[in-house]
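Biologist: Hi! Could you walk me through this one? I'm still new to reading structures.
Modeller: Happy to. Let's put it on the screen and go step by step.
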Amino acid sequence: MTTSVFSEARIIRSNARCVSTPYFSICIPQHNRTSFLLTALRRLSEQTFRDFEVCISDDASTDGRSAEILQFLLENGLQFAFARQESNQRYDRNLRSALSLASGEFCILMGNDDCLAGPDVLGVMHQ
């Protein structure tokens, strides 16, 4: 774990697929909507184009489900960066925190309740 430039966030990273620089960074600010986020992550795990990372900044959620998010990311082999803010930073700062986790060539911003339309969306965007 490392410390972020944004507040007292703790960052957990996984390079599950050993991609040095992912093509896409999917940046998702999160707060207390874990059920929606897990649905979005399921859709991301189904993508046929796999050169991406998921960058989640959790804005001190009080639903107690951070471990569930991390477990899903690890079990599904997604490359990710996950930051959990120690105190609520509000939307703008949490959004910037999610973006600061990105290491890809291109960033895609998603809400924690957004889903990609199908398994080929990232592939089409890459083309």
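Biologist: What percentage of the residues in the protein chain are buried?
Modeller: This is a predicted model, and in it 46% of the 127 residues are buried.
Biologist: And how many helices and strands does the chain have?
Modeller: There are four helices and six strands. Along the sequence they run β-β-β-α-β-α-β-α-β-α.
Biologist: Which residues touch the most other members of the largest nonpolar core?
Modeller: Ile26, Leu41, Val54 and Ile56 do, in a core of 24 residues. The elements giving two or more residues to this core are strands 3, 4 and 5 plus helices 1 and 2. Helix 1 provides the largest share, with five residues.
Biologist: Is there a second core, and which residues does it include?
Modeller: A separate core of seven residues includes Ile11, Cys27, Ala98 and Leu101.
Biologist: Back to Ile56. Which residues is it in contact with, beyond its neighbours within four places in sequence?
Modeller: Among them are Ile28, Leu37, Leu41, Ile69, Phe82 and Leu101.
Biologist: New topic: where is Glu68 found?
Modeller: Glu68 sits in helix 2.
Biologist: Why does Glu68 count as partly exposed?
Modeller: Because its relative accessibility is 34%, and partly exposed covers values between 20% and 50%.
Biologist: Which side chain does Glu68 join through a polar contact?
Modeller: That of Arg65, at 2.8 Å.
Biologist: And how far apart in space are Glu68 and Leu38?
Modeller: Their C-alpha atoms are 8.6 Å apart, while in sequence the two are separated by 30 residues.

Terms used. Residues numbered from 1 in each chain as written. Predicted model: local features only at pLDDT ≥ 70, side-chain atom pairs only at ≥ 80, totals over all residues. Heavy atoms only, no water. Core = buried A, V, L, I, M, F, W, Y, C linked by side-chain atoms within 4.5 Å. Buried < 20%, exposed > 50% of the residue type's maximum accessible area, 1.4 Å probe, protein only. Contact = heavy atoms within 4.5 Å. Polar contact = N/O pair within 3.5 Å; in protein donor to acceptor, adjacent residues only side chain to side chain.
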